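Biologist: Please take a close look with me at the surroundings of the ligand, one step at a time. I am new to this, so plain words would help, and after that I would enjoy a short tour of the strands and loops.

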Amino acid sequence: MSALNIKKGSTSHSAYDLRSALSEVEESHTLAVIVENEPGVLARVIGLFSGRGYNIDSLTVAEVDHTGHRSRITIVTRGTPAVIDQIEAQLSRMVPVYAVHDLTMDGPSVQRELALVKVRGKGDHRIEALRLAEIFRANVVDSTLESFVFEMTGTPEKIDAFAELMRPLGLVEIARTGVAALSRGV
Amino acid sequence: MSKQMTGAKMVVQALKDQGVEVVFGYPGGAVLPIYDELFLQNDIRHILVRHEQGAVHMAEGYARSTGKPGVALVTSGPGATNAVTGLTDALMDSIPIVVLTGQVPTFMIGTDGFQEADTVGITRPCTKMNWLVKDTAKLAETIHQAFHVATHGRPGPVLIDIPKDVQFANAEYTPAEKAKVSHYQPRTEGDPDQIARLVEMMESAERPILYTGGGVINSGARASQLLRELAEETGFPVTSTLMGLGCYPASGKNWLGMLGMHGLYEANLAMHGCDLMINIGARFDDRITGRVKDFSPRSKKAHIDIDPSSINKVIRVDVPIVGDVTKVLEEVLRQWRARGSRTDKAGLAKWWKQIDEWRAVKCLAYKNSATTIKPQYALERLEALTKGMDRYITTEVGQHQMWAAQFLGFEDPNRWMTSGGLGTMGYGLPASIGVQIAHPEALVINVAGEASWLMNMQEMGTAMQFRAPVKQFILNNERLGMVRQWQELLHGERYSSSWSESLPDFVKLAEAFGCKGIKCDDPKDLDDAIMEMIRYDGPVIFDCLVEKHENCFPMIPSGKPHNEMLLSADAEAFRSGAVLV
Ligand SMILES: Cc1ncc(C[n+]2csc(CCOP(=O)(O)OP(=O)(O)O)c2C)c(N)n1
Ligand SMILES: [Mg+2]
């Protein structure tokens with residue numbers, strides 16, 4: 001473990017900010033969890049979600065600070081405000097977790113996902129796929145006479161929309177990274 | 001000055017540096033280097049158990065009765081999997097223990113080697129934190145961190161998995177003061193503004209209650225002292241969960257008794273009817289709340305807890321205070337005194353009058369018998385005959401456990417060890433040994449049910465070998481009594497597999513272990529038999545044959561609100577005759 005002086009409880013989660021937590025409406029929240037990059041830590045975080053029955057809609061993880069040995073896990077989850085509070089509290093108290101940021105609560109944020117989309121087709125379908133890719137600013141990263149692999153980044157909704165349009169044009173396979181997110185401004 | 005040593009030696013050195021005096025364990029191939037080092041020294045005592053589950057419960061009993069972390073050492077594979085129940089028990093009840101497991105050598109991990117198990121994988125959900133140490137240079141530091149994590153914040157079990165080659169290899173020893181632990185520093189001071197809100201509410205409360213739990217005991221002896229001062233200065237009634245018994249004295253004038261599913265009528269109705277509930281180190285467990293929707297509907301609630309995730313998990317509260325009970329209560333009392341606070345005397349007097357009416361129901365009343373020993377009577381006699389002694393009680397799980405909580409009185413913290421959150425049958429016997437090892441001169445009694453007791457009875461061998469004079473007070477109803485009670489009340493009296501068939505002769509069993517056996521089935525002989533047990537200098541198995549079909553009341557069936565409590569026939573008769581406000 002590296003020496004750090006981050007105090008537990010001083011993360012963005014606080015038991016004191018009680019928003020209208022009595023709502024029964026489910027909300028989607030994007031959480032950024034800064035953890036010690038050690039074996040087993042990701043398993044511990046994911047185990048919390050499966051063990052306590054919380055949802056994971058998207059998950060990305062990578063080391064973001066090689067010297068400080070820290071990884072950033074971005075989780076998109078769903079739940080009522082009370083459940084979201086509970087998820088944040090449960091994450092915050094984990095020993096290898098340094099900080100939990102609720103990007104949905106912390107103000108506006110930028111969310112991006114990368115997708116690789118393979119489309120097979122000939123003739124008009126092929127031309128139409130290429131035209132739509134341009135509109136969506138997707139790049140062709142591989143092509144044969146009867147297929148393309150498009151690369152695109154954007155919000156998950158944009159990728160969903162693109163994939164939907166490609167379906168009738170010969171969508172074969174899609175690979176997505178899951179969401180990476182940062183809050184806007186400083 | 002750098003100190004090179006083997007990983008195995010580091011383990012022993014690190015335990016010594018952490019002040020460990022006793023290790024409960026069981027050897028095997030993957031921990032032999034550590035056992036070799038234990039053999040070569042005399043500072044740490046090793047207690048050889050008979051099953052690894054026993055080792056972990058002993059470490060728990062040791063920890064609960066001393067406030068210090070307990071330590072267990074087991075081998076890889078089956079040794080580690082046998083420790084899982086104890087780890088889960090300690091997690092649920094927030095008990096600080098450190099479990100060391102051996103592992104196959106690093107180069108064999110992942111090959112399905114002999115006695116290989118994915119120990120950190122298996123134990124991840126049942127530890128506060130666990131580590132697989134692959135480099136001897138990191139071993140000592142990890143052990144020091146493990147002790148820090150187990151004992152700071154909300155206490156809990158931690159596990160360190162140590163491959164055999166890591167035990168053999170040499171590296172430099174990291175002393176405790178050099179180990180980096182600064183990243184895990186949970187907050188302990190409560191927010192003074194929230195505390196001020198609480199103090200104001202206390203001044204105006206008409207029907208307050210202090211709802212205390214195991215957190216008071218975990219916070220240390222000072223927390224119990226402060227709680228007593230708070231109760232004394234405010235005159236507020238005090239109840240406690242199963243885990244908190246002893247933090248406020250049973251003889252104290254504000255004591256309402258335990259609350260919850262088998263808690264006292266007056267405690268549960270006071271919780272239901274209060275206007276200010278102050279939760280101190282308890283966690284709104286479902287055995288306490290009953291149906292959440294109807295839980296204490298008219299009260300403002302404050303919750304003091306060191307674990308922020310406990311707050312608003314089950315019950316939403318008005319005043320959340322994250323902090324260590326000792327520090328928070330110090331601040332509560334400081335503000336209370338500094339403001340010259342006064343309670344609502346008239347309101348409180350009315351409240352106590354109401355409570356006294358509830359008390360008059362005498363919810364623990366039972367019909368005694370001249371010919372059969374009633375379990376409640378057995379515990380009343382045990383209480384009377386051991387009162388004032390240097391006494392520690394452990395229990396198994398079932399009816400006997402609830403009766404023990406109802407009929408035994410605890411004056412101090414750390415005197416009562418029971419499996420609350422997990423409800424682990426088989427906990428009490430090994431726990432009693434752990435307590436006795438920590439307190440060799442004390443009277444340690446395990447109040448047991450015959451079925452639970454059989455689950456870890458092999459540990460009588462440990463008690464004999466290490467001269468732990470534990471008293472096994474078995475309330476033998478020849479039934480899985482608590483299961484039978486639920487079947488009677490909730491499953492149409494279909495007694496599916498709730499008999500204890502083919503029980504051993506407990507007196508002969510005692511003889512076989514080389515200890516003393518006592519059998520008693522007549523109320524007239526009971527006092528003498530209990531005195532014989534207490535006076536005997538060594539372990540005793542006491543087979544107390546009790547009424548087989550007694551039910552434990554009061555009872556709030558699960559999922560029901562507090563005011564839908566089942567009472568014994570005697571108490572019910574009294575209640576229907578009494579005028580209740
Ligand atoms: C390990 C385990 N298995 C099953 C249970 C479910 N259970 C709770 S109480 C009980 C019966 C206990 O019987 P006994 O120890 O004789 O106590 P009694 O209720 O008769 O006093 C059972 C089976 C449990 N709590 N723990
Ligand atoms: Mg029984």
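Modeller: With pleasure! Helices (H or I, at least four residues) and strands (E, at least two) are DSSP runs, numbered from the N terminus. The model is predicted, so local features need pLDDT of at least 70 and side-chain atom pairs count only at pLDDT 80 or more, while totals for chains, interfaces and linings use all residues. Residues are numbered from 1 along each chain as its sequence is written, chains are lettered from A and ligands numbered from 1 in the order written, and side-chain values use heavy atoms, leaving out hydrogens and water.

Let us start with helix α19(B), which gives four residues to the shell around ligand 1, the largest share. A residue belongs to this shell if one of its heavy atoms lies within 4 Å of the ligand. Three helices of chain B each give two or more residues to the shell: α17, spanning 399–407, then α19, spanning 450–455, and α21, spanning 481–490.

Now look at who stands around the ligand. There are 17 residues around ligand 1, and those that come nearest are Q399(B), H400(B), G423(B), S452(B) and G481(B). You can sort the shell by class too: seven of its residues are nonpolar, eight are polar and two are charged. Here Ala, Val, Leu, Ile, Met, Phe, Trp, Tyr, Cys and Pro count as nonpolar, Asp, Glu, Lys and Arg as charged, and the others, Gly among them, as polar.

Zoom in on individual atoms next. From G423(B), it is the backbone that reaches out: one of its N or O atoms lies 2.8 Å from a nitrogen atom of ligand 1. With N477(B) the side chain takes that role, placing an N or O atom 2.9 Å from an oxygen atom of ligand 1. At M482(B) we return to the backbone, where a polar atom is 2.9 Å from an oxygen atom of ligand 1. How much of the ligand does the protein bury? Taken alone, ligand 1 exposes 580 Å², and the protein buries 75% of that; such accessible areas come from the Shrake-Rupley method with a 1.4 Å probe.

Staying in chain B, let your eye move to its open sheet. Six strands form this sheet, and they follow the order β16-β15-β17-β18-β20-β19 with parallel pairing. Two strands pair if DSSP finds at least two bridges between them. At the edges of the sheet are β16(B), residues 416–417, and β19(B), residues 516–520, and each of these pairs on one side only. The partner of β16(B) is strand β15(B), residues 391–395: the two run parallel and are joined by two bridges. To find this place on your screen, look for I393(B), which stands opposite W416(B) in β16(B).

The loops of chain B hold a couple of details that reward a careful look. After strand β20(B), residues 540–545, comes a loop that leads to helix α24(B), residues 569–577, and P554(B) sits in this loop. The peptide bond between F553(B) and P554(B) is cis, with omega at about -5 degrees. Another loop runs between helix α13(B), residues 286–289, and strand β13(B), residues 300–305, and there you will find S296(B). S296(B) is not a glycine, yet its phi is positive, near 35 degrees.

Finally, cross over to chain A for a pairing in the opposite sense. Strand β2(A), residues 58–65, and strand β3(A), residues 70–79, are antiparallel partners, paired over seven bridges. As a landmark, V61(A) stands opposite I73(A) in β3(A). β2(A) and β3(A) make a hairpin, with four residues between the strands. H69(A) lies in the turn of that hairpin and has a positive phi of about 65 degrees. So you now have a positive phi to find in each chain: at H69(A) in a hairpin turn, and at S296(B) in a loop, where phi is near 35 degrees.

Definitions and conventions. Polar contact = N/O pair within 3.5 Å; in protein donor to acceptor, adjacent residues only side chain to side chain.
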